[in-house]
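Hi there,

Here is the structure I promised to pass on to you. Have a look at it first, and my notes come right after.

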Amino acid sequence: MRRHYIFFIIHSPLATSMSILVAALYKFVELPDFAELKAPLLACCEQHAVKGTLLLAHEGINGTIAGTPAEVRAVLAYLQSDPRFAQLEHKESFAKTMPFYRMKVRLKREIVTLGMPGVNPNEMAGTYVKPEDWNQLISDPNVVVVDTRNDYEVAIGTFKGALNPNIKSFRELPEWVRHEASLQNKPKVAMFCTGGIRCEKSTAFLRAEGFAEVYHLQGGILKYLETVPEQQSLWEGECFVFDERVAVGHGLKLGEHELCRSCRHPIDDVEKTSKFYVAGVSCSHCYDQKSEAKKLGLMERQKQMELAKQRSQLHVGARLEPNKKYDKTT
């Protein structure tokens with residue numbers, strides 16, 4: 001008797017070789033009805049199998065989404081159908097695998113938290129500087145260049161000669177500005193961040209503080225790395241991004257850093273040789289911040305993630321439908 005065998009190979013969406021479009025977007029615009037926008041926007045993203053995070057607040061929208069090019073652009077078209085988002089701009093890059101596990105739309109007080117009421121980028125932001133003109137500006141010895149990002153972002157890459165405020169969160173920047181000696185006489189200031197949104201708020205804050213000449217990099221570091229040839233670049237290192245790509249370099253190519261799965265600090269191959277590094281459990285930045293019980297839990301999570309990867313399963317972010325049974329082998 002001849003037997004026939006049928007084999008089914010189930011692939012995780014994270015393992016696909018299809019090019020994934022990653023779109024980073026933000027816009028400061030008055031949205032008094034922002035809470036009402038959440039449900040239909042989430043439904044649109046899920047309909048098009050788009051993943052990522054979008055933030056909605058009274059002051060506008062901010063976030064990054066990813067999916068197939070056609071589906072991402074369908075979501076962007078949906079957003080732009082609202083007259084308030086008609087001029088919404090975004091920055092594109094590509095990834096080989098899906099850089100997000102799920103889709104989230106969140107309501108916030110601010111789309112980027114500075115904690116300074118009255119600072120309105122629509123009315124007070126500094127002067128935009130195009131990426132191709134940025135080198136000339138920051139090479140001027142009379143210009144103070146400030147990296148507005150968090151310390152762990154600055155640690156893996158920044159512009160040559162830029163000041164590092166050494167802040168843990170963006171809301172610490174105003175206090176640093178008010179005490180930084182090099183800013184006391186209110187010189188010309190050039191500020192930059194990942195995609196431009198923090199620069200708009202930080203330059204608006206400086207103008208509110210009495211700074212007359214404040215500039216910021218239009219489109220942020222990402223646009224600079226996309227636009228300026230590496231041979232002409234003043235950027236040193238990689239740019240941290242808030243998704244599973246972790247970091248990108250010139251031409252927005254995938255960088256060399258990974259995330260510590262315990263504290264989510266970016267780490268490179270050198271840091272992985274540290275005696276404090278245990279995959280999924282700890283790194284040199286967090287090894288002394290976790291209890292033994294917590295470390296055991298993280299070890300078990302890492303084990304399950306590795307098993308899921310071996311089986312081509314999606315371990316994180318899978319959304320189960322109510323009352324539906326799932327075969328654990330698929």
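Below is what I found, starting with a sheet and ending with a pair of helices.

One thing to keep in mind as you read is that this is a predicted model.

The sheet is an open one with 4 strands, and its pairing is parallel. Going across, the order is β6-β10-β9-β7. Strands β6 (127–129) and β7 (143–147) are at the edges with a single partner strand each, so each has one side without a neighbour in the sheet. On average, and with direction ignored, neighbouring strands here are turned by 30° against each other.

For a closer look inside the sheet, try β9 (residues 188–192) and β10 (residues 214–217), which are joined in the parallel sense over 3 bridges. In this pair, A190 stands opposite Y215 in β10. Helix α7 (residues 197–208) packs on the sheet, where it touches β6, β9 and β10. The direction of α7 makes about 175° with that of β10.

Now for the two helices. Helix α4 (residues 131–138) packs with helix α8 (residues 220–227) at an angle of about 105°, and their axes are 9 Å apart. Angles of 65 to 115 degrees count as roughly perpendicular, so α4 is roughly perpendicular to α8. From α4, the contact involves P131, E132, W134 and N135, while α8 brings K223, Y224 and T227. By character, the residues of this contact between α4 and α8 comprise 3 nonpolar, 2 polar and 2 charged.

Happy browsing, and do write back with any questions!

Best wishes

Key. Residues numbered from 1 in each chain as written. Predicted model: local features only at pLDDT ≥ 70, side-chain atom pairs only at ≥ 80, totals over all residues. Heavy atoms only, no water. Pairing = 2+ DSSP bridges. Axes fitted to C-alpha atoms, helices over the stretch in contact; angles between N-to-C directions. Contact = heavy atoms within 4.5 Å. Parallel < 35°, antiparallel > 145°, perpendicular 65-115°, else oblique. Nonpolar A, V, L, I, M, F, W, Y, C, P; charged D, E, K, R; others polar.
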